[in-house]
Amino acid sequence: MKFCKTYQRYMQGHDHKLPAVGFKKLKKIMKRCRRASTTTCPDHCPVCDGTFFPSLLNEMSDIVGCFNQRAQKLLEVHLASGFRKYFLMLKGKGIRNHIGLIEEGKDLVIYALINAIAIRKILKKYDKIHYSKQGQLFKSKVQTMHKEILQSPWLSELIALHINLRETKAKPREASALFHGCYLRFKDGKPSLTCELFDSFKMDINLTCSICLDTVFDPVSLTCGHIFCYSCACSAASVTIVDGLKAAKSKAKCALCRQQGIYEDAVHLEELNILLGRRCKDYWEQRLQMERIERVKQVKEHWETQCRVFVGI
């Protein structure tokens, strides 16, 4: 079965109408382009560039927005406790059982991955028709705009949630034919989150901090999609742990991709923190002790500075 049919059947099988890639509409735009041009379509085609890329960008924005919103709500309910959890359930945000959480998390991961494949395929088709690399350039541009769904910090959180819940005693329903599962794997002592869809698509999320070159501790994801230790991210942004990443200047750059303005909306990856803490116990204990010493030191320096300012020294 062609991917287009598989994709449409998957999207139609959902009770809720979710944003999707309009394969038929985008293909019609490309056909219109071929009718309008007697020769090969140029790199900068007014028919395609004026309608194809804006339409796809709008669809990508809707998909990422929907995914982030639903993932955030799911994790909010799961991590809530006491009266707040009961209140969220009464509001209708809550999934009332453990297996429901596993299934909802898995469905959202599949939704993210299958849309990532759909976008990749339609851009590949665009480049094939136009004998160009405009599709790949558009993809790079979208990544700098943070509209690429695989960049979403909530994706790694949902994968970690799925693994954490799966490893409990509850038994989920039979696995989807599309979905081959999520795993935390170690290669040469370096961890990564692995997720597979179909037989051909495999995604690996590197969990080694590119600043300290160790497994990410107290992980945080920047809006560019890169994951660092919280203390390392603070250091890269030239802020203290006390002030936090929201105090980072807008010109502060990611240590890996050098993008600016990616610290303010950084997300603490709590589920990933739980997963790594359980799998890397000895390392976690060592880092925890080191982090405590560093945080106490920074808090002490912070209050000493505040006191000097207060007394006018």
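What percentage of the 313 residues of the protein count as buried? The share is 46%. The legends below describe close-up views of a predicted model.

**Figure 1. The whole protein has ten helices and six strands.** About 17,600 Å² of the protein is exposed, and carbon and sulfur atoms supply 52% of that area. Among contacts in the protein with a separation of 6 or more, 61% are between residues 24 or more positions apart.

**Figure 2. Helix α1, residues 3-12, has a buried side and an exposed face.** The buried residues of α1 are Phe-3, Cys-4, Thr-6, Tyr-7, Tyr-10 and Met-11. They lie on the same side of α1 because they cover an arc of only 165° around the axis. Lys-5, Arg-9 and Gln-12 are exposed, and they sit on the face turned away from the buried side of α1. As a general point, an α-helix has 3.6 residues a turn, so residues three or four places apart point the same way.

**Figure 3. Phe-52 and Tyr-126 form a stacked aromatic pair.** Seven aromatic pairs are found in a search of the whole structure. In the pair of Phe-52 and Tyr-126, the ring centres are 4.8 Å apart and the planes meet at 25°, so the pair counts as stacked. Phe-52 belongs to helix α3 (residues 46-79) and Tyr-126 to helix α5 (residues 98-130); with these positions 74 residues apart, the pair links distant parts of the chain. Phe-52 counts as buried, at 0% relative accessibility. Tyr-126 counts as buried too, also at 0% relative accessibility. One aromatic cluster is made up of Phe-52, Phe-53, Tyr-126 and Phe-138.

**Figure 4. Gly-135 in helix α6 touches members of the aromatic cluster.** Helix α6 covers residues 134-144 and includes Gly-135. Is Gly-135 buried or exposed? Gly-135 is buried, because its relative accessible area is 0%, and the cut-off for buried is under 20%. Leaving aside residues up to four places away in sequence, Gly-135 touches Phe-53, Leu-123, Tyr-126 and Asp-127. The C-alpha atoms of Gly-135 and Leu-123 are 4.8 Å apart in space, while the two residues are twelve apart in sequence.

**Figure 5. Strands β2 and β3 pair in the antiparallel sense.** Six bridges join β2 (residues 190-197) to β3. Across this pairing, Cys-195 stands opposite Met-203 in β3. Strand β3 covers residues 201-206, and its side chains alternate along the strand. On one face are Phe-201, Met-203 and Ile-205, which are buried. Lys-202, Asp-204 and Asn-206 point to the other face and are not buried. In a regular strand, side chains in general alternate between the two faces of the sheet.

**Figure 6. Three strands form an open sheet in the order β5-β4-β6.** The pairing in this sheet is antiparallel. The edge strands are β5 (227-229) and β6 (267-268), each of which pairs on one side only. Strand β4 (residues 219-221) and β6 are joined by two bridges. Val-220 has His-268 in β6 as its bridge partner.

**Figure 7. Ser-221 is a buried residue of strand β4.** Ser-221 has a relative accessible area of 1%. Which residues does Ser-221 touch, not counting those up to four places away in sequence? They are Pro-153, His-226, Ile-227, Ala-266, Val-267 and Leu-269. Of these contacts, Ile-227 falls within β5 and Val-267 within β6.

**Figure 8. Asp-218 and Arg-258 have positive phi values.** Phi of Asp-218 is near 50°, a positive value in a residue other than glycine. Asp-218 is in the loop between β3 and β4 and is buried, with a relative accessible area of 16%. Arg-258 is also a residue other than glycine, and its phi is near 70°. Arg-258 has its place in the loop between α8 and β6.

**Figure 9. Helix α10 runs from residue 281 to residue 311.** What span should the 31 residues of α10 have at 1.5 Å a residue? The expected value is 45 Å, and the end C-alpha atoms are 45 Å apart, which agrees. Buried residues in α10 are Tyr-283, Trp-284, Arg-287, Glu-291 and Gln-298. These buried residues pack against β5, α8 (230-236) and α9 (270-279).

How values were computed
Residues numbered from 1 in each chain as written. Predicted model: local features only at pLDDT ≥ 70, side-chain atom pairs only at ≥ 80, totals over all residues. Heavy atoms only, no water. Pairing = 2+ DSSP bridges. Helix = DSSP H or I, 4+ residues; strand = E, 2+ residues; numbered from the N terminus. Buried < 20%, exposed > 50% of the residue type's maximum accessible area, 1.4 Å probe, protein only. Contact = heavy atoms within 4.5 Å. Arc of directions from axis to C-beta. Phe/Tyr/Trp six-rings, centres within 6.5 Å; stacked < 30°, edge-to-face > 60°. Expected span 1.5 Å × (residues − 1). Areas by Shrake-Rupley, 256 points an atom, 1.4 Å probe, with all protein chains shown as cover.
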